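Colleague: I'm new to this one. Can you walk me through it?
Modeller: Sure, here it is.

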Amino acid sequence: MASAPWPERVPRLLAPRLPSYPPPPPTVGLPSMEQEEAYLELYLDQCAAQDGLAPPRSPLFSPVVPYDMYILNASNPDTAFNSNPEVKETSGDFSSVDLSFLPDEVTQENKDQPVISKHETEENSESQSPQSRLPSPSEQDVGLGLNSSSLSNSHSQLHPGDTDSVQPSPEKPNSDSLSLASITPMTPMTPISECCGIVPQLQNIVSTVNLACKLDLKKIALHAKNAEYNPKRFAAVIMRIREPRTTALIFSSGKMVCTGAKSEEQSRLAARKYARVVQKLGFPARFLDFKIQNMVGSCDVRFPIRLEGLVLTHQQFSSYEPELFPGLIYRMVKPRIVLLIFVSGKVVLTGAKERSEIYEAFENIYPILKGFKKA
Amino acid sequence: MAYQLYRNTALGNSLQVILLQFDKAINSALAQRVRNRVNFRSFLNMYRFCDNLWTFVLNDIEFREVTKFIKVDEAKIVDCDGKNTGSNTTE
């Protein structure tokens, strides 16, 4: 009963929705036709699984996970990111599919799933994540660590399809999320903070990428929108985009620095967008060696701190010159993070290459700060 | 259909000279003799800075002067660098 309508519907979904990102570099194994067939397989698999109403394999497979989880970025980001938006964009299109031929309970789940996938696609591709459906990335990180069972149970009912689509995919990102599921409960990457559950929020991410071709900066500045180029002052084009709100410095060697993003995935997405702009101007831009160089986080311990006491006991790590700068500069050795600690209790953490370093540094400093609480 | 072919004639050449004089005259007049001040507020659609030239494309602008108040849907502002920063606008 279900087989007849599929071939008409699914190809229509997959064909026009080629990714709007730059075409995958030759390093990616599958050509696009085979990729589309793979996604077709995924879709069919997931629907077949839904007919059996199989429970999700792991509660941690909420579909938001592969995108914003920092762990995902670790390996092979190039193929990972390339295939991910394709997967999500195709699955997002299911909202237009008429699923009335499926039995009622599955239809309900399916109706939820494409809406959510679509939300997820929107979240990933640019706009604000709908708070009602999906947790914000920071909440989700906490959720995974602290409330993984409750949060993802509610999600697991809604996303059985997505979990199945995530699982059987041969693509690397999903195997990363598989390993993610097994790793997350064990490693101290989850931001379980000292009792109060204060989680540092990421404020800025600086990343670099190599576009691997010489660029004519004048041509870029003349044709691109929102670009500045003043060679007398600085030998790079300064370009900005609105979503994610970031600024990029593009050099004539083809190297680019992207700043201002609030998460690793956003930084990567923004860098991709800049690369696409450059590519559309006619340069053979690629996306090599994307690397996050610095991450800045901030949080509030909610009590005033005796900085003088702190600098006395931790003088080999701290430097505090109130006449120069009102904050204490604490250079933690492991992880190698610099913290700016203020009397008000606000803490800024910087110098991290990974999100876990920020969390670890805060967990290390929090008991020390509690010891220097004022009054 | 209007060819610029006839610029290289006696008449055309003298008119070209006058055009150059006009350039100088208008630049100095705008710098010295214009004292008005206009404020404006809008949504910035696009900006560009290249060759010391700023180009802005604005949407929904409100130009305010002491005497007048004008609303415009779209405007392009081209800023040239001068001693007293001259600029010109087109709508």
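Modeller: Start where the chains meet: Ala227(A) stands opposite Arg48(B) in β1(B). Keep in mind that this is a predicted model.

Colleague: Which strands are joined there, and in what sense do they run, parallel or antiparallel?
Modeller: β2(A) and strand β1 of chain B, residues 39-50. They run parallel, with two bridges between them.

Colleague: How many residues does each chain bring to the contact?
Modeller: Chain A brings 14 residues and chain B brings 11 residues.

Colleague: And what area is buried between chain A and chain B?
Modeller: About 1100 Å². Carbon and sulfur atoms give 45% of that area.

Colleague: Why quote an area at all?
Modeller: Because the accessible area lost when the parts come together is often used to give the size of an interface.

Colleague: How many salt bridges cross between chain A and chain B?
Modeller: One. Lys218(A) pairs with Asp51(B). Their closest N and O atoms are 3.6 Å apart.

Colleague: How many residue pairs are in polar contact across that interface?
Modeller: The rule finds 10, with both residues at pLDDT 80 or more.

Colleague: Which elements of chain A supply at least two residues each to the side touching chain B?
Modeller: α10, residues 217-223, and β2, residues 227-229. α10(A) gives the most, with four residues.

Colleague: What kinds of residue are on that side of chain A?
Modeller: Five are nonpolar, three are polar and six are charged.

Colleague: Let's pick one residue. Where is Glu228(A) found?
Modeller: In strand β2 of chain A.

Colleague: Is Glu228(A) buried or exposed?
Modeller: Glu228(A) counts as buried, because its relative accessibility is 16% and the cut-off for buried is under 20%.

Colleague: What does Glu228(A) touch?
Modeller: Leaving out residues up to four places away in sequence, Glu228(A) touches Ala236(A), Val237(A), Ile238(A) and Arg240(A), plus Tyr47(B), Phe49(B) and Trp54(B). The side chains of Glu228(A) and Arg240(A) also make a polar contact of 2.6 Å.

Colleague: Zoom out. What is the secondary structure of chain A?
Modeller: Chain A has 13 helices and 10 strands. Of its 375 residues, 52% count as buried.

Colleague: And what is the pattern of chain B along the sequence?
Modeller: Chain B reads α-β-β-β-β. That is one helix and four strands. Of the 91 residues of chain B, 16% count as buried.

Colleague: What about contacts between residues far apart in sequence?
Modeller: Take contacts with a separation of at least 6. In chain A, 69% of these join residues at least 24 apart. In chain B, residues 24 or more positions apart account for 18%.

Colleague: New topic: backbone oddities. What do most residues and peptide bonds do?
Modeller: Most residues other than glycine have a negative phi, and most peptide bonds are trans.

Colleague: So where are the cis bonds?
Modeller: One joins Glu243(A) and Pro244(A), with omega about -5°. Pro244(A) sits in the loop between β3 (236-241) and β4 (246-251) of chain A. The peptide bond from Lys334(A) to Pro335(A) is also cis, with omega near 0°. Pro335(A) is in the loop between β8 (328-332) and β9 (337-341) of chain A.

Colleague: And positive phi?
Modeller: Asn52(B) has phi near 60° and is not a glycine. Asn52(B) lies in the loop between β1 and β2 (53-64) of chain B, and is partly exposed at 31% relative accessible area. Asp60(B), not a glycine either, has a positive phi of about 55°. Asp60(B) is in strand β2 of chain B and counts as exposed at 53%.

Colleague: Back to β8(A). Which strands pair with it?
Modeller: β7 of chain A, residues 318-319, pairs with β8(A) in the antiparallel sense over two bridges. There Ser319(A) has Ile329(A) as its bridge partner. β9(A) also runs antiparallel to β8(A), joined by five bridges. Leu328(A) is partnered by Ile341(A) in β9(A). β8(A) and β9(A) make a hairpin with four residues between them.

Colleague: Which side chains of β8(A) are buried?
Modeller: Leu328(A), Tyr330(A) and Met332(A), which point to one face. Ile329(A) and Arg331(A) point to the other face and are not buried.

How values were computed
Residues numbered from 1 in each chain as written. Chains lettered and ligands numbered in written order. Predicted model: local features only at pLDDT ≥ 70, side-chain atom pairs only at ≥ 80, totals over all residues. Heavy atoms only, no water. Contact = heavy atoms within 4.5 Å. Buried area = accessible area lost by both parts, 1.4 Å probe. Salt bridge = Lys/Arg side-chain N within 4 Å of Asp/Glu carboxyl O. Polar contact = N/O pair within 3.5 Å; in protein donor to acceptor, adjacent residues only side chain to side chain. Nonpolar A, V, L, I, M, F, W, Y, C, P; charged D, E, K, R; others polar. Pairing = 2+ DSSP bridges. Buried < 20%, exposed > 50% of the residue type's maximum accessible area, 1.4 Å probe, protein only.
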